Amino acid sequence: LGGALFLSAILVPYGIIDLLREPNTAVRLNICLPFALYQFRVLEGLFGFTPAGALGNFGVYGAYFALPFDMIFEDDRPVMATRREKIELILSWWRPVAIMILMLSTMIPFDFKPFGEQNAGENHEPISVQDYLALGHLGNCFAIAIFFQQGLALGDVLTGGAIQLFLGYKSESVMRNPMLDSDSPSDFWGRKWNRLVHAVLKRGIYKPFRSYTGS
């Protein structure tokens, strides 16, 4: 059954995209993302690394496997969000929206290149190490990364807010301002940037690999 579920999580998004005849790459990516998460959830179950708290009852089990969020557990039970936490999370949507609007108003007049036109190899033209390390190129990349981070943060707030509001389960924050608050590369990747991906990779790939290789 686990193998069939894993295979279906790979094939179903292709069927949906083909059915919708969706040409937009961003929309296609967003269709595929939840199914990529489901693949790792299935691997967790296959190798026995699903959190014990998710196995408490069918409702928790279904929410954990079906929804794109990282549930918080304590004493092998899901932590329930308080009314104050629900309100604070729902109201926190304004911050990423305000930052994205401000950045769009700044970057659109410059064709999303606020630090000037740079040779970034967009049209497969030759590009050197100096081009990659040029301050203008690094500045443009940093601006886009900040904008992308805010988009992920907004998605996190909307998804987590909806789950906490309707189901009551407290969710782990996916983004913790990694671009500006990280102290080191390990802090960036391990504690701040897209913690949902970090969690599912750890339980679905890293722990099974260590367990079955004895490393």
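In the predicted model, phenylalanine 112 is placed in the loop that runs between α5 and α6, and its phi angle is positive, at about 60 degrees, although the residue is not a glycine. With a relative accessibility of 34%, phenylalanine 112 is classed as partly exposed, since that class covers values between the limit for buried residues, under 20%, and the limit for exposed ones, over 50%. Aspartate 111 is likewise found in the loop between α5 (94–107) and α6 (129–133). This aspartate also has a positive phi, of about 55 degrees, without being a glycine. Its relative accessible area is 51%, and aspartate 111 therefore counts as exposed, a class that begins over 50%.

The loop belongs to a protein in which 10 helices and two strands are assigned. Followed along the sequence, these elements occur in the pattern α-α-α-β-β-α-α-α-α-α-α-α, in which the two strands are placed between the third helix and the fourth.

Among the helices, α2 (residues 25–47) and α3 (residues 58–66) were examined as a packed pair. Such a pair is described by the angle between the two axes and by the distance between them. The axes of α2 and α3 come within 9 Å and cross at roughly 130 degrees. The two helices are therefore oblique to each other, because an angle of this size lies neither in the range of 65 to 115 degrees that counts as roughly perpendicular nor over 145 degrees, where helices count as roughly antiparallel. On the side of α2, the contact is made by Tyr38, Arg41, Val42 and Glu44, while α3 contributes Tyr64, Phe65 and Ala66. By residue class, the contact of α2 with α3 comprises five nonpolar residues and two charged ones, with no polar residue taking part.

For the protein as a whole, the C-alpha atoms fill a box of roughly 55 × 45 × 40 Å when the dimensions are taken along the principal axes. Of the 215 residues in the protein, 32% are buried. The area exposed by the protein is about 13700 Å², and 65% of this area is supplied by carbon and sulfur atoms. When contacts between residues at least 6 apart in sequence are considered, 59% of them join residues that are at least 24 apart.

Definitions and conventions. Residues numbered from 1 in each chain as written. Predicted model: local features only at pLDDT ≥ 70, side-chain atom pairs only at ≥ 80, totals over all residues. Heavy atoms only, no water. Axes fitted to C-alpha atoms, helices over the stretch in contact; angles between N-to-C directions. Helix = DSSP H or I, 4+ residues; strand = E, 2+ residues; numbered from the N terminus. Parallel < 35°, antiparallel > 145°, perpendicular 65-115°, else oblique. Contact = heavy atoms within 4.5 Å. Nonpolar A, V, L, I, M, F, W, Y, C, P; charged D, E, K, R; others polar. Buried < 20%, exposed > 50% of the residue type's maximum accessible area, 1.4 Å probe, protein only. Areas by Shrake-Rupley, 256 points an atom, 1.4 Å probe, with all protein chains shown as cover.
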